Amino acid sequence: MGHDDKGIEDQSRTISAPNDQAMLERQTEEKRPAGRRTFPNFISGSLRARLAVFALTFLIFLSLWQLIASLTNNSLILAKPLPVFQALVNLLQDNVPRATEGLQNPTIAIVQTLEIVFLGFGLAAIVGIPIGILEGRWNFAAGIIDPWIDATHSIPIVALIPTLYFAIGGSFFAFVFIAFLLAVFSIIVNTQSGVKYSIGFLSDVGRSFRASELQFISKIVLPASMPDIITGLRVGLGRAILGAVLAQALLSGNGLGGMIVTFQDLYATPYTMATLLLIAVLGILVLQLPKQLEKRIFKGNEIFETL
Amino acid sequence: MRSGITRYITLFGTGVVFITAWWALAESKHNFAQFAGPGQVAVALGSLFTNSAISASLVPALKDTMVSIFFGFFLAVIVGIPIGVLMGRYIVADLVLDPWVNAWYSVPAIAFVPLVMNWTGLNYGGSIVIAFLIAVFSIILNVYSGVKNCSTTLLDTAASYRASEFQLLSKVMLPASLPQIMIGLRLGLSRAIEGVVISEMLYAAVGLGGMIDYSADHLQSATSDALIIILAIISLVLTGCLRILDRKMIGWKELDAR
């Protein structure tokens, strides 16, 4: 099959190269080139359309949830939307059910979890980005670190959480370390691939202008590989959240992870589901941060995107 | 640039450094119940297979974990690839599904666990569902971006040869986005393994994850570490299989890129 596909690709390249130019010119005149209606790429739905569709699907989601919950008719297994939202409001007002006297205030729990997440993630960024750059720039470093990164990448690090916790001696910093460990590898891997592959001919430009290594890294390598670094930070942040909540759920009654376990043990299903929603929304919101950062950083750097 | 032999030498050297550091740290702490050194872990690893009482519980645990990983991943593949193709090809599916897939993808895996366990009970059925839920979104997202970013020259050519919709999908888009699909599968597999371990550790108390959590909680850190080594070997073998498949299927693509 290999040869045929290659043939098609080569042929198409030679045939359509001038057409592309023509197409480009036509596109500047009218927004929708007529011949390409069957291809989805040129319609990118406007923001308003996307929001409208999302509102609609959200309503469908809610009614499906209501329907399934009514059919199950067992509030221990699946609570209906309304009680869950009521529980969510209660949680946000620090108004927990009476059976859970020993539980932390939910707002304190949220703050504690976020503390662990951001400390662990911050450490991972501080350690991971330089290691990634080192690896991407010098083959010697890559030779030493690469096999280990490969190995740890294909091993579920989450399995280490209980052992690590006891080995470190179970303090606040054990949680931070776990969040760090889960986050750091994706940051290293993404930074390295960005540094290695995104520079392209810029490395020749830098060399012919006799850039020093420091200038080279700070003025060429970092800006050019920023999209990959941001991707790594995004993935790492998600993993830090996972690590923090999971460690709390497994090892202590504190934080959001502890809240889930406590409510689940009491079969307070609306509260469990409210905590789940809280974690989900928190995860989605926190993961927007790197995207915003990217937008800020790229205001003056569009030139690198075109390369 | 660096040959295979130097690679093995550096691997061996760093391995020696790592084990020595581990050993020194464990000796200085001298609390082997909480922090076992390499020696204790090696002994524990041996006794997992020689001690019949332990291996009697290890074999069903291994079976549970493998079955959960396999079915969870398999389901994620057969559901994820069609949805990804749908989203990449048809703007309506993209509009409807994209925000949901992205949102669910960002949800930390652990959030699924209690709810799923309510439905399935504390057994490997729950692990399968969780592995599926965690793996499917990264597969969908990768297939989606692969199909969506399929080169327009390829599509134009296919259209000018009057390819039918089915031919376009099966002969142009799928082969062209195969590398991205394989990346999705690899990510999905490691996420499925992770999901199984998470759900086993948290609730199911079966399988390897359950055994790891149990032995760590009972201050048998050597046993826990030995079980982690077994889990690591399993996941290295599984991801290695996928990597070989990857090389077999898209070797031509790499040649093309050179």
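Gly146(B) sits in helix H6 of chain B, which covers residues 124-148, in what is a predicted model of the complex. With 23 other C-beta atoms within 10 Å, Gly146(B) passes the threshold of 20 and therefore counts as buried. Once neighbours within four places in sequence are set aside, the contacts of Gly146(B) are Gly88(B), Ser177(B), Gln180(B) and Ile181(B). A further relation in space links Gly146(B) to Leu174(B), since the two C-alpha atoms lie 8.6 Å apart although 28 residues separate them in sequence.

The surroundings of this glycine belong to a chain built from helices, for the secondary structure of chain B comes to 11 helices and 0 strands. Of the 258 residues of chain B, 43% count as buried, and the C-alpha trace spans about 70 × 55 × 30 Å along its principal axes. Among the contacts in chain B with a separation of 6 or more, 74% are between residues 24 or more positions apart. As for confidence, the mean pLDDT of chain B is 83, and 95% of its residues reach 70 or more, while the predictor assigns the complex an ipTM of 0.81 and a pTM of 0.80. A general caution applies to any remaining part: where pLDDT is low, the predicted coordinates should not be read in detail.

Two residues of chain B other than glycine have a positive phi, and both are found in loops between helices. The table sets them side by side.

| Residue | Phi | Loop in chain B | Other C-beta atoms within 10 Å |
|---|---|---|---|
| Arg162(B) | about 55 degrees | between helix H7 (152-160) and helix H8 (165-176) | 7, exposed |
| Leu219(B) | near 55 degrees | between helix H10 (207-217) and helix H11 (221-257) | 14, partly exposed |

Why is Arg162(B) classed as exposed? Arg162(B) has 7 other C-beta atoms within 10 Å, and a residue with 12 or fewer is exposed. Leu219(B), with 14 such atoms, is classed as partly exposed because its count falls between the limits of 12 and 20.

In chain A, helix H7 runs over residues 172-197 and holds 26 residues, and the distance of 38 Å from its first C-alpha to its last is close to the 38 Å expected at 1.5 Å a residue. Helix H7(A) nevertheless bends by about 30 degrees at Ala183(A). This helix is also mostly covered, with 21 of its 26 residues buried.

Elsewhere in chain A, Ile68(A) is found in helix H2, and with 11 other C-beta atoms within 10 Å it is exposed. The C-alpha atom of Ile68(A) is separated by 52 Å from that of Ala142(A), which is 74 residues away along the chain.

The contact between the two chains takes 54 residues from chain A and 61 residues from chain B. On the side of chain A that touches chain B, the elements giving two or more residues include helix H1 (2-29), helix H2 (47-72), helix H5 (139-153) and helix H12 (269-286) of chain A. The residues on that side of chain A divide into 32 nonpolar, 17 polar and 5 charged.

Terms used
Residues are numbered from 1 along each chain as its sequence is written. Chains are lettered from A and ligands numbered from 1 in the order in which they are written. This is a predicted model: local features need pLDDT of at least 70, side-chain atom pairs count only at pLDDT 80 or more; totals for chains, interfaces and linings use all residues. Helices (H or I, at least four residues) and strands (E, at least two) are DSSP runs, numbered from the N terminus. The expected span of a helix is 1.5 Å times one less than its number of residues. The bend at a residue is the angle between axes fitted to the seven residues ending there and the seven starting there. Two residues are in contact if their C-beta atoms, placed from the backbone, lie within 7 Å. Ala, Val, Leu, Ile, Met, Phe, Trp, Tyr, Cys and Pro count as nonpolar, Asp, Glu, Lys and Arg as charged, and the others, Gly among them, as polar. pLDDT is the predictor's confidence in each residue, from 0 to 100.
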